[in-house]
Amino acid sequence: MPISLYQATIPTFIQVGTALRALLDKAQAHCAERGLADSELIDARLIDDMWTFAYQVRSVANHSYGAIKGLRAGVFGPYYEDVPGDFAGLKREIDESLAGLQGLDEAELDDFIGKPMRFEAGELKFAFTAENFLLSFSQPNFFFHATTAYDILRARGVELGKRDFLAGIRVEQGSI
């Protein structure tokens with residue numbers, strides 16, 4: 001039985017998005033426990049020429065449910081404006097993304113297969129099919145930004161492990 005576009009993307013977007021939501025709670029607790037300003041993590045970067053932790057979180061939401069909204073519109077681009085500057089705003093973005101993903105109809109997503117899709121960022125423009133956009137562009141970007149967010153927190157001393165990133169793996173009943 002072939003796997004659907006929905007099955008190849010949405011459950012994993014939900015899995016990793018849910019894990020990132022829990023990382024936000026741990027990051028906020030880390031700041032509170034150590035008397036750090038939230039901005040110590042929210043504005044942190046893995047390295048100076050990379051985006052902040054807040055933008056990494058924004059990009060996870062944008063490359064998951066935002067990508068689906070892009071499919072509906074036929075065009076997708078980065079969203080740089082109004083990046084939340086606090087944990088409440090970051091949690092809200094992830095919560096809204098997860099709610100949108102959880103509310104998707106599998107048939108709607110699979111109906112996008114073969115349809116044209118564009119990425120636009122200033123002068124940069126790429127033409128895709130919907131499935132190539134999701135599988136070769138948004139999904140890799142989603143993982144990049146989720147991993148970078150995790151790495152920023154680890155580099156700043158938040159106690160995290162691999163299970164925090166992989167939370168919610170879909171194992172067969174009774175296999176653990």
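How much area does the protein expose, and what share of it do carbon and sulfur atoms supply? The protein exposes about 9,400 Å² (Shrake-Rupley method, 1.4 Å probe), and carbon and sulfur atoms supply 53% of it. This is a predicted model, in which local features need pLDDT of at least 70 and side-chain atom pairs count only at pLDDT 80 or more, while totals for chains, interfaces and linings use all residues. Residues are numbered from 1 along each chain as its sequence is written, and side-chain values use heavy atoms, with hydrogens and water left out.

**Overall fold**
- The protein has 8 helices and 3 strands, taken as DSSP runs (helices H or I, at least four residues; strands E, at least two).
- Their order along the sequence is α-α-α-α-β-α-α-β-β-α-α.
- The radius of gyration, taken over C-alpha atoms, is 17 Å, close to the 16 Å of the globule rule for 176 residues, so the protein is as compact as a globular protein of that length; the rule is 2.2 Å times the number of residues to the power 0.38.
- The C-alpha trace spans about 50 × 50 × 25 Å along its principal axes.

**Packing**
- Of the 176 residues, 44% count as buried, meaning under 20% relative accessible area.
- Among contacts (heavy atoms within 4.5 Å) between residues at least 6 apart in sequence, 74% join residues at least 24 apart.

**A nonpolar surface patch**
- L166, I169 and V171 make a nonpolar surface patch of about 230 Å².
- Patch residues have over 30% relative accessible area and no salt bridge (a side-chain nitrogen of Lys or Arg within 4 Å of a carboxyl oxygen of Asp or Glu), and nonpolar side chains are joined within 5 Å.
- V171 lies in the segment after α8 (162-166).
- V171 counts as partly exposed because its relative accessibility is 40%, between the limits of 20% for buried and 50% for exposed.

Conventions
Patch = residues over 30% accessible without salt bridge, like charges linked within 9 Å, V, L, I, M, F, W, Y side chains within 5 Å. Buried < 20%, exposed > 50% of the residue type's maximum accessible area, 1.4 Å probe, protein only.
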